[in-house]
Amino acid sequence: MLAALTGAMLTIAGVGFDLTPFLRVFYPGREVVSVTASDGSSFAYACKPGPAGETPQAQAERAHEAFEENLEGFADAFVGKMMTDIEEDTPALATGLALQRDAESWARASAVRLEREFGCIHLG
């Protein structure tokens with residue numbers, strides 16, 4: 001529910017007002033920071049300071065690096081599954097449902113890891 005609410009709030013962010021005060025209600029003690037990815041795109045994270053005093057920005061950068069590594073592994077597995085299913089003549093619907101399930105599972109595991117290891121929540 002919280003993830004859906006955050007997603008909805010971020011969707012209306014383009015309206016032109018700052019959502020930071022609202023995010024503080026849901027993520028107390030965190031700072032919303034922006035990280036530039038390896039491809040130049042920007043991602044937002046809500047992070048706590050690190051256990052050794054690292055800034056929320058440093059935590060977000062470490063979290064995003066881990067996210068990108070994990071995403072590359074997932075993408076490789078995703079493509080591998082598609083290719084195997086094509087070779088085995090698996091029905092497209094079955095492949096699509098399996099890939100959707102795997103994507104949701106990966107996203108949950110990724111979110112848990114970023115929170116546990118870096119004290120960050122990937123906002124988008």
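A surface patch is made of residues with over 30% relative accessible area and no salt bridge, and like charges are joined into one patch when they lie within 9 Å. The exercises below apply this and related rules to a predicted model.

**Exercise 1. Describe the negative surface patch, and decide whether Glu 72 is buried or exposed.**

Solution. Begin with the members of the patch, which are Glu 65, Glu 69, Glu 72 and Asp 76. Next, place one of them in the fold: Glu 72 belongs to helix H3, which covers residues 56-87. Finally, compare its accessibility with the cut-off, since a residue is called exposed when its relative accessible area is over 50%. Glu 72 has a relative accessibility of 56%, and therefore it counts as exposed.

**Exercise 2. State which residues make the nonpolar surface patch, and classify Met 83 by its accessibility.**

Solution. The patch consists of Val 79, Met 82, Met 83 and Ile 86, and its area is about 370 Å². Met 83 is a residue of helix H3. Because its relative accessibility is 43%, Met 83 counts as partly exposed.

**Exercise 3. Work out whether Ser 110 is buried or exposed, and find which residues it contacts beyond its neighbours within four places in sequence.**

Solution. First locate Ser 110, which sits in helix H4 (residues 92-118). The cut-off for a buried residue is under 20% relative accessible area, and as Ser 110 reaches 4%, it counts as buried. Once neighbours within four places in sequence are set aside, Ser 110 is in contact with Phe 67 and Asn 70.

**Exercise 4. Explain where the partners of the salt bridge between Glu 115 and Lys 48 lie in the chain.**

Solution. The side chains of Glu 115 and Lys 48 meet with an N to O distance of 3.8 Å. This pair links distant parts of the chain, for Glu 115 is in helix H4, whereas Lys 48 is in the loop between strand S2 (42-47) and H3, 67 residues apart. Both are partly exposed, with relative accessible areas of 29% for Glu 115 and 34% for Lys 48.

**Exercise 5. Explain why Arg 113 and Glu 117 are separated by about one helical turn, and describe their salt bridge.**

Solution. The two residues are four apart in helix H4, and so about one helical turn separates them. Their side chains form a salt bridge of 3.1 Å, N to O. In addition, Glu 117 meets Arg 116 in a salt bridge of 3.5 Å, N to O.

Terms used. Residues are numbered from 1 along each chain as its sequence is written. This is a predicted model: local features need pLDDT of at least 70, side-chain atom pairs count only at pLDDT 80 or more; totals for chains, interfaces and linings use all residues. Side-chain values use heavy atoms; hydrogens and water are left out. Patches are made of residues with over 30% relative accessible area and no salt bridge: like charges are joined within 9 Å, nonpolar side chains (Val, Leu, Ile, Met, Phe, Trp, Tyr) within 5 Å. Accessible areas come from the Shrake-Rupley method with a 1.4 Å probe; for residues, only the protein chains shown count as cover. A salt bridge is a side-chain nitrogen of Lys or Arg within 4 Å of a carboxyl oxygen of Asp or Glu. Lys and Arg count as positive and Asp and Glu as negative; His and the chain ends are not counted. The place of a charge is taken as NZ of Lys, CZ of Arg, CG of Asp or CD of Glu. Buried means under 20% relative accessible area, exposed over 50%, partly exposed in between (1.4 Å probe, protein chains only). Contact means heavy atoms within 4.5 Å.
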